[in-house]
Each structure stands twice: as structure tokens, then as C-alpha cells.
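User: Could you take a close look at one part of this model for me? I would like to understand how two of the protein chains meet.

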There are 4 protein chains.
Amino acid sequence: MTSKSALKREHIIRTARSLFCKRGYSSITMKDIVEACGISRGGLYLYFDSTHDIFLEVLKQAEQEEDGFNDDFYDVAANSENSAAKVIGFFLKAQRREILKKEDSLAVATYEFFFENKESRKDNPIRNTYEDMVVMLTDLIERGVADGELYEVDAAAAARNLMFVIEGMKVTARTMELDQQMVDQQLMYIVDTLIPA
Amino acid sequence: MTSKSALKREHIIRTARSLFCKRGYSSITMKDIVEACGISRGGLYLYFDSTHDIFLEVLKQAEQEEDGFNDDFYDVAANSENSAAKVIGFFLKAQRREILKKEDSLAVATYEFFFENKESRKDNPIRNTYEDMVVMLTDLIERGVADGELYEVDAAAAARNLMFVIEGMKVTARTMELDQQMVDQQLMYIVDTLIPA
Amino acid sequence: MTSKSALKREHIIRTARSLFCKRGYSSITMKDIVEACGISRGGLYLYFDSTHDIFLEVLKQAEQEEDGFNDDFYDVAANSENSAAKVIGFFLKAQRREILKKEDSLAVATYEFFFENKESRKDNPIRNTYEDMVVMLTDLIERGVADGELYEVDAAAAARNLMFVIEGMKVTARTMELDQQMVDQQLMYIVDTLIPA
Amino acid sequence: MTSKSALKREHIIRTARSLFCKRGYSSITMKDIVEACGISRGGLYLYFDSTHDIFLEVLKQAEQEEDGFNDDFYDVAANSENSAAKVIGFFLKAQRREILKKEDSLAVATYEFFFENKESRKDNPIRNTYEDMVVMLTDLIERGVADGELYEVDAAAAARNLMFVIEGMKVTARTMELDQQMVDQQLMYIVDTLIPA
DNA sequence: TATGAATGAGTCTTCATTCAT
DNA sequence: AATGAATGAAGACTCATTCAT
């Protein structure tokens, strides 16, 4: 049975998450969260000491969901029936969604959080998930190269390159303008540099 | 003639810039700037109404300096004596510096600023300089392709790809960890996808 | 039979007392006591309504212990075998300990409590014990004077004088500095003014 | 010319002082002072950072006034025309006022302050003034003894004894009850132990 | 122009106290 | 009896902004 207290904690995290998605990290105050949750000032402090702590929790939870995707991705990648090209396509499609996501994205909040918290950079859920992804991509590309499906590229470098392009588009979508067309153009370009026509 | 007032304005902008470099955009207050400048509270308001306005001015000035570089780059690129490969190398070396710059970089402040100011995204100096760069790179790559110096790529897509990888590394260097080695690996990789060995 | 409830009450009082000894009266909150006792917030309120009430109870109990000493003192004083000088020496030695006691003393808390609670000044356990002591000392000195053991002093005034010097040293030890040597000097001085060499 | 700012500072100190006299130290908040002064919350912070700092200033000022008395006392004591007995009488009369002072006394606030601030005990204006007084009294009693005006007492011990009795009465007047009669009785007693009839 | 004192709104944080279980 | 979640009032502190000089 989930205790009432655990449910409330959940409620706070979910509410806070939607605030962080809408308005980023830096500008959110404990008061904002209190009001959005419809609880008392003191009540929030029973569960969390600061927006920093709350965001960490939001991140942790978001990563768990993301890990779900990664697991799926891993399964797909591990299945030798699927060609590397196909898996890469699957991956890019998912990333495309992330890049273009507006309402529901923690991207801006996460950037802001890590700008402010240099200490947290080394060991945090985001970082770990990120590195996992690099490893999976590297393996995948290696396999593709071995199978002659992909160009003869340095798999590790290519994997990271992919990640940097995606990261670059993610941040550009949130600081300048980035339309769907351009994302598609880029993804296509990446595919072209990896997969012989 | 530079009036006293213009000098003071300059002084404010320069001082604020160093604050923004050190501590980003969001956390800087009018009070911080007043204190760093050694002027009076009221005095600052004679010149600027908010940190927002000041940052805009800082950006404008930073872009002017950058334009200086762009002009140089343009000259180098336009000089038909220089091979496209050589110019791209020149460009990448400059970007490498930007990516790894710690002390003196407005990157974090700029990200924070545009995260908070969605309105400013469409028309701002950064954006314009950025687009100028894309155009120059596109021209350059086109020429390289035409000369048979580069692989047969879609010049526009390749130019943007370059920019996204760089942007991705810039933001990663400021939210996670990114060492010089990895930057070099990536730049090498880019070169390899463009320039036949 | 000691009920469970009475035991808990005891536990609270004892725990609170050690807090008051360590940190005085004013700064102690109900929360502090709850946490030190390891009981629930609501639980404490079943027994006491405020730190004020708790402190009163602590005082009452402390006075009972002190009354034990006073009874002993009274017995010693009443025993005509003991010279007045000897009894006074016995008394001063005990006071010396009190004055210099650091860890385990309620002195600061008591001062703070009565500073804040003017109403309680007239009738409280401290006051009563104090007056008992004055009476005992007065009797003792009277006897000593009658026996020719002490100088011819006004016994009531001398008794109070003794008490004021002690009080003065007690408070000085807790607001300024007061070393053991000075206490001894003073006790010696008092003895000299009372007892012919 | 006294600047407006210095006047306001003065105003704050005077207002705070009367609060400290009325209600002691611990219970006074920055808000209390703000309201008593009729200024804004932020306004007070322009001058002082905490009640601690304000009280220190109040003490400093009070000590300056007290030093005025001490100077007078010193002059009287130094004038060889005045017998030691007369000077002691002068001193005791002044202390009598202090002990019985109700409205206008910083005594309680000062005790509370030093209970809370053990660090400040060693070097603070109160302490210094106190030690000055001990020295003056010691000199005075020494002289009185030399002149045969006083009993043959240890001057240093007698001076401190005097101070402790006074301190004892001061604190007793503020934690229990102490009427004028008892004070007079005690002062008389002190005189009797020092000055032959 | 320039100053810096002054304001007051906004946020953080802690606690006494209550109350459903 | 006992728990501990919840509340809301209270106080600390900071800043953007104004204004008299």
C-alpha cells in the first residue's frame, strides 16, 4: 500500500515537474510550488528543503522513465534481426521528438540547473543516462560497420558526434528558433554520413 | 569626441560583462552591477533600466567584436588562394577555443538569457551573427565541393551540422564535463566526414 | 505504582532539563524538546502546553533535590556539636560548587525564565528555597554571634549579604569571566568578615 | 554638522535602547525595532544587520554615558580633600540608583545578551568599565586603609566584594523581588564592614 | 547628471499548535 | 494515549525602484 505521505510527495514532484517544464529552473520559487500544489508553506518543507532538492528528485524520476526508453532501445539494438540502420532510425525518431518537444520538456530547466550547480555535474542521473546511450550507440555503430551496413567510421567518435548534434539542436531549439524541417534535414544528413545510399 | 557619459556607459557595460562571464545571467542583480561599477544605484538607472537591457548591450558589443572575427574569416574564405580545407581548419581552430573557454565566456549567460526571454529569440545580434556564419560556411563548403576538395555533401546541411556539433559541445562543456581531447576527436571526425584523406 | 504516563512525564522533564542546562531557557522550543525526547509533537502537548510549563516543572523538581541539600544543611546547622564557623564553611563549599558549575547548571535558564516572567517572581519554588536558606543562615549566624564565635554582626543583614555575594558571583560567572581563584578569594573574604582569626 | 544619516542612526539606537530597556534583549526582533522607529524594513538594514549589532551599539553608547559617571567618580576619589568614607558613600548612592532603576535599565537586556553571546564576554565595553571601577575602588580602599579611615582589609578583595554584592542585588531585583529597604540594609552592612563606627 | 537613503514587495524558513487517525 | 502530517503566522533578509537633494 502506498502511504498517504508518499502520495503527497509524488504529487509535489509531479506538480513541480510541470512548473519546471513550463518555466525553467531558476525562476521557480518554493512559493510557486506551494501554490501550484495547493498546500501550505510549512507543508512543503516537510518533504523538501529547497527547489534544488525538488529538482533533483524530478530529474531522478524523469531519468527512470527515460531508462525505460533506453531499455527498449537496448532490446531493439540487441536484436540481431534488426539492422543497425533500422535501429539508428528508431533512435533518431525518438530524439526528434525530444528536440522538438515544447510543453513537456525539462530541457531548459535542466540546463539552468547544471549551469547553477557545477558540483552536481560529475555524478548525476542525466550524465549517467547520457553515457549509457553513448555506449549503446557505439556498440550499434560498431556492429553496423562490421556488418558492412555502415561506412567505415570510428564508432566511438560517430556516436558522440550524433549526441552532440542532437544536443546542439536541443539547445538551439530553446534559445533561437529551430523548425521541424531543419531537424529533419539534419537527421537526414547524419544518416547520409553513416549509411551508404 | 567621446563624452563623459558615453565613457561611463562603456564602463558599465564592460564591468557587467565580466560579471555575466563569471556568474551567468540570471543571478546578476542591479545591485551587483552597481557595486562592481562603483557607482550609485540611481546612477545606473540613468543609463539602463534593467539587467535585461544591460545584457542586451553586452551582447551587442560582444557581437561587434565577433563580427571582427567573422570579417577576417570572410576575407580568408573569399581569398581563392586558400583551399576550403584550410579555411575550415582555421574556422574549427577558432571554435575550439570558444568551446573550451572558461573564464571569459558569455556562453552560459547567453543561454540563460534566451531561456528567460523567448521574445528576444527572433531578432537578436547572436542570431544574426550565427546566420551570417552559416551562410559563409555554406558558401565555403559549396566552393570546396565544386573544386573537388570536399566530399559531395549538401553544403547547407553540412554547414548547419557543423554549427550544431559545435553548439552541442559548447553546452555540454558547461553542463557536464568535456575535455579537450574529446573536442579534438570530434573536430577530427568532422574533418574526416568532409575532407577526403 | 508508577504509571506509564507518569514515567513519560518524568522522561520529558529530565530531557528538557538537560536541554535547559545546555542552552538556557529562551532559545528552547517545543520542537527541540520533542526531538530530544524522541516523542511525537502531539504527544508532548498531552503533558505540557508550553516550554513555560515544562520549565516550571523542571524547576520544581530541581528544587526538591535542592531541598534535600537544605535538609542536610539544616541538620548540620541544628546539631549543636558543630560550630557555626564549621557549618558556614560547609555551606560555602557547596555554594562554591554551584557558582562554578558549568555543564549541569540551570542558572542561566532560570535567570532567563524570570526575566521573561515577571508574574512568576512572587511565588515560585526558587524564591521559597531561597528564603528558607536565608532563614537558616540567619539563625546560624545569630547562634554564632551568641556563642562568641563570630563578630558581632546583624545576623539577618549578614545572611543576605552572603546570599548576594554568591548571587553576584553566579551571574558574573555566566556573563563575564570568573575563575576559581577569585571565587576562593571572595569566600575567604566573607569568612574573614564574619569569623575572627 | 551632523549628517541626516548619522541622526537617523542615532534615532534607531535611541529607540532600540528604550525597547531593550522595556523588554530585554532576546525577545526584540528587527521588526519590533522597525515598527518602533517608524521606518521601513529595508531601511533598518541600511544601518544594522541584526539586533545583535544594534545592541552592541546601544551598549557602547550606554558605556560612554557611564564613563562620564566614572570620570566624575574618579575626580571625586582623586581629590584628597574627600575622605575615602565619603567617596564610598557617593559610589554606593549611585549604585543604589542603578540597582533599583526599573524603566530605564539595560540590565536585563545585558544579562540576556551575554547569556547568548559567550564569545563577546572577554572583550566588551561592559567588562572594561567594570574592571575600571574595580581598580578605582581598590585604590580608594587602599588609601582609606592607609589613612586609618577604614578597617584593615584586603583592598582588592573588598573592592570585588562590593561589586559582587551590587551585582547580586541587581540581578535579584530583576528575578525575584528586592525592595529599597533591603538595598539600604545591605549598603549599610557593607559600610559597617569597611568603616569603623 | 549623480547620489544614496528609503521604501515595500517578495521569498525563505521556522515553529507553535491542531487534528484526523 | 499517541502519532505526525498539516497549517499559517511570524520574522529575517534582499532587491528593484524611486526621489529629494
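Analyst: Happy to help; here is a walk through the contact between chains C and D, followed by a look at the DNA side. Please keep in mind that this is a predicted model.

Let's start with how the two copies are arranged. Chain D can be laid on chain C by a rotation of 179° with 0.0 Å of shift along the axis, and the fit has an RMSD of 0.2 Å. The two copies are thus related as by a two-fold rotation axis. If you want to find that axis on your screen, look for D:Gly168: its C-alpha lies 1.8 Å away, the closest approach of any residue of chain D.

Now for the contact itself. Chain D brings 31 residues to it and chain C brings 32. On the chain D side, at least two residues each come from helix 6 (107-116), helix 8 (155-175) and helix 9 (180-194). Helix 8 of chain D gives the largest share, with 13 residues. Sorted by class, this side of chain D holds 13 nonpolar, nine polar and nine charged residues. Because 100% of the interface residues of chain D are also interface residues in chain C, the copies meet through the same surface.

The two chains also take part in the surface near DNA strand F. Of the 31 residues around that strand, those that come nearest include C:Gly42, C:Gly43 and D:Gly42. Among the elements giving two or more residues to this surface are helix 1 (4-23) and helix 3 (41-47) of chain C, along with helix 2 (30-37) and helix 3 (41-47) of chain D. The surface near DNA strand F as a whole has eight nonpolar, 14 polar and nine charged residues.

How values were computed:
Residues are numbered from 1 along each chain as its sequence is written. Chains are lettered from A and ligands numbered from 1 in the order in which they are written. This is a predicted model: local features need pLDDT of at least 70, side-chain atom pairs count only at pLDDT 80 or more; totals for chains, interfaces and linings use all residues. A residue is near a molecule or strand if its C-beta atom, placed from the backbone, lies within 6 Å of it. Helices (H or I, at least four residues) and strands (E, at least two) are DSSP runs, numbered from the N terminus. Ala, Val, Leu, Ile, Met, Phe, Trp, Tyr, Cys and Pro count as nonpolar, Asp, Glu, Lys and Arg as charged, and the others, Gly among them, as polar. Copies are superposed by least squares on the C-alpha atoms of residues with pLDDT of at least 70 in both. Two residues are in contact if their C-beta atoms, placed from the backbone, lie within 7 Å.
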